[in-house]
Amino acid sequence: MSSKMVENDSVTNVSYRRGRGYDIEEDSIDGATLKNDPEYYDDDGRLKRTGNVWTTSSHIITAVVGSGVLSLAWAIAQMGWIAGPSVMILFSIVTLYTSSFLADCYRTGDPMFGTRNYTFMDAVSTILGGRSVTLCGIVQYLNLFGSAVGYTIAASLSMMALKRSHCLHFSDEENSCHISSNPYMIGFGAMQIIFSQIPDFHNMWWLSIVAAIMSFTYSIIGLLLGIVKITETGTIKGSLTGIGIEAVTEAQKVWGVFQALGNIAFAYSYSFVLLEIQDTIKAVPSEVKTMKKATKLSIAVTTTFYMLCGCTGYAAFGDLAPGNLLAGFGYHKLFWLIDMANAAIVIHLVGAYQVYAQPLFAFVEKETAKRWPKIDKEFKISVPGLRPYKQNIFSLVWRTVFVIITTVISMLLPFFNDVLGVIGALGFWPLTVYFPVEMYILQKRIPKWSMTWISLQLMSVVCLIVSILAGLGSVVGVLLDLKRYKPFSSDY
């Protein structure tokens, strides 16, 4: 890379950081100064990255262990004791395998000193190019947007459950405790408007750590409640094949299995933010090595939790396992523990929403700044006891509008399981399998029709079929829900 290119890139990055809330008036915009100051800046002229295995794992766990874990007992109920856990393990293996491919795409060329690909889109553009970039952009950002909608729905359900639990505890009549979801979705949206002003991933490590702790908290509580229920009844419920056709029609059984595939796919969907997470890792020893360690650790931990929560929930409720595991316990004598779990879910989803929204924020702001440089205006906010903070006006408006739109759509389509299934089906094959596999083949120059090439393509085709089936099942579920629900009138 020429010194002129480094200088131009450094100047651009200083401008970008100044527009993203950093007060760097004293920083030099001389490219040579930035290039030769490794104590504060990385090789690309950006502020030095400090991420390690633990912060990276917290980002991944925050992205992976989300509201999807609550639907796994229901998903296993659709498929039974044999197919349910087997499908979960297969999804985890595929995700681990393809995440390793994707981690190798962070740098193009030399794995230590090659050009960085800051985002999933950057990697696709650099390695694949052409129409792949457009397709990737549409699918990735639709998936990010959909995840924000799904998390808003999930957070409102948990907040409603907290309110209903309090109502039931102090009321004699259960019928008097019906609650509308709209105020809670609006409240969650208001929180996200505030947290959305966090400049980028580098500034939200603390939120991811808190969110990761909360995900463990409610997963463990769900596991404990399932064990308590099994102990109370003295039986392990469920069957080898899941819900039987004597309880549902054959068509409902098939669509239920397909939708369950989408829910499990959603539970493992994080590949489209992997490179954004990897861009927070310090260069030494190596971003790739650190990411692969963090990925192995995170997927091992999350899969263990998924198996425990999903299987325990199915054992406790059997074929009647609810779409939201915590909702199945109703007014339990351990209601305070359920309340703790729901509170932890809300806190976790505040962070998870940001993990998925930040890449979309960055993409729109980057492209807008390229097209209309004058839009990059800002004002200074002075907070007593802290250094002045510079707020980008466009970012404030755009991020606020984004949150409002996701909140309104959540109020229109408050279908927890079906929405998760659609999102999972939409993103699993293209983002978790197809693009990572194709980039890996080109990066490693794998010969066409070799055994490795055939194996990778076969895995991709199988995952495509699974995604199509999951999408069909989830869309059918949404259509059926639309016949029963009225917009803006969801009650609990």
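Visitor: Why does Ser132 count as buried?

Guide: Buried means a relative accessible area under 20%, exposed means over 50%, and partly exposed is in between (1.4 Å probe, protein chains only). Ser132 comes in at 19%, so it counts as buried.

Visitor: What kind of model is this, and how were its values obtained?

Guide: It's a predicted model, where local features need pLDDT of at least 70 and side-chain atom pairs count only at pLDDT 80 or more, while totals for chains, interfaces and linings use all residues. Residues are numbered from 1 along each chain as its sequence is written, and side-chain values use heavy atoms, leaving out hydrogens and water.

Visitor: Where does Ser132 sit, and what makes its partners contacts?

Guide: Ser132 is in helix H6. Helices (H or I, at least four residues) and strands (E, at least two) are DSSP runs, numbered from the N terminus. Contact means heavy atoms within 4.5 Å; apart from neighbours within four places in sequence, Ser132 has such contacts with Val124 and Phe435.

Visitor: What about Ser147: buried or exposed?

Guide: Ser147 has a relative accessible area of 0%, so buried is the word. Ser147 also lies in H6, which spans residues 131–170. Not counting residues up to four places away in sequence, Ser147 touches Phe266, Phe272, Tyr356 and Ile423.

Visitor: What makes helix H5 mostly covered?

Guide: Six of the eight residues in H5 (residues 120–127) are buried. They are Phe120, Met121, Asp122, Ala123, Val124 and Ile127. After H5 comes Gly129, with a positive phi near 65°.

Visitor: How much of the whole protein chain is buried?

Guide: Buried residues make up 55% of its 492 residues. The chain has 15 helices and four strands. Among its contacts with a separation of 6 or more, 81% are between residues 24 or more positions apart.

Visitor: Why are H3 and H11 called oblique to each other?

Guide: Axes are lines fitted to C-alpha atoms, for helices over the stretch in contact, and angles run from 0 to 180 degrees between N-to-C directions. Under 35 degrees is roughly parallel, over 145 roughly antiparallel, 65 to 115 roughly perpendicular, and the rest oblique. H3 (residues 53–64) and H11 (residues 287–317) pack at about 40°, with axes 9 Å apart, so oblique is the label for H3 and H11.

Visitor: What is the handedness of that crossing, and which residues of H3 and H11 meet?

Guide: H3 passes H11 in a right-handed crossing. The rule: if the near helix is turned from the far one by less than a right angle, anticlockwise is left-handed and clockwise is right-handed. On the H3 side, the residues include Trp54, Ile60 and Val64, and on the H11 side they include Met291, Leu297 and Tyr306. By class, the contact of H3 with H11 has nine nonpolar, six polar and one charged residues. Here Ala, Val, Leu, Ile, Met, Phe, Trp, Tyr, Cys and Pro count as nonpolar, Asp, Glu, Lys and Arg as charged, and the others, Gly among them, as polar.

Visitor: Why are H4 and H11 called roughly antiparallel?

Guide: The axes of H4 (residues 72–103) and H11 cross at roughly 180° and come within 10 Å. That angle falls in the antiparallel range, therefore the label fits H4 and H11. Their contact has 18 nonpolar, nine polar and two charged residues.

Visitor: How do you know that Ala77 is buried?

Guide: Ala77 has a relative accessible area of 0%. Ala77 is in H4, and its contacts, beyond residues up to four places away in sequence, are Gly242, Ile243, Tyr314, Gly318, Asp319 and Ala321. Ala77 and Gly313 are 236 residues apart in sequence, with 9.2 Å between their C-alpha atoms.

Visitor: How do you know that Cys311 is in no disulfide?

Guide: A disulfide is a pair of cysteine sulfur atoms within 2.5 Å, and the structure holds zero of them. For Cys311, the nearest cysteine sulfur is that of Cys309, 9.7 Å away. Cys311 is buried at 16%, and Cys463 is buried at 7%.

Visitor: What makes Arg445 and Trp449 worth a look?

Guide: Most residues other than glycine have a negative phi. Arg445 has a positive phi near 55°, and Trp449 has a positive phi near 70°. Arg445 lies in the loop between H14 (416–444) and H15 (451–484), and Trp449 lies in the loop between H14 and H15 too. Arg445 is at 73% relative accessibility, so it counts as exposed; Trp449, at 62%, also counts as exposed.
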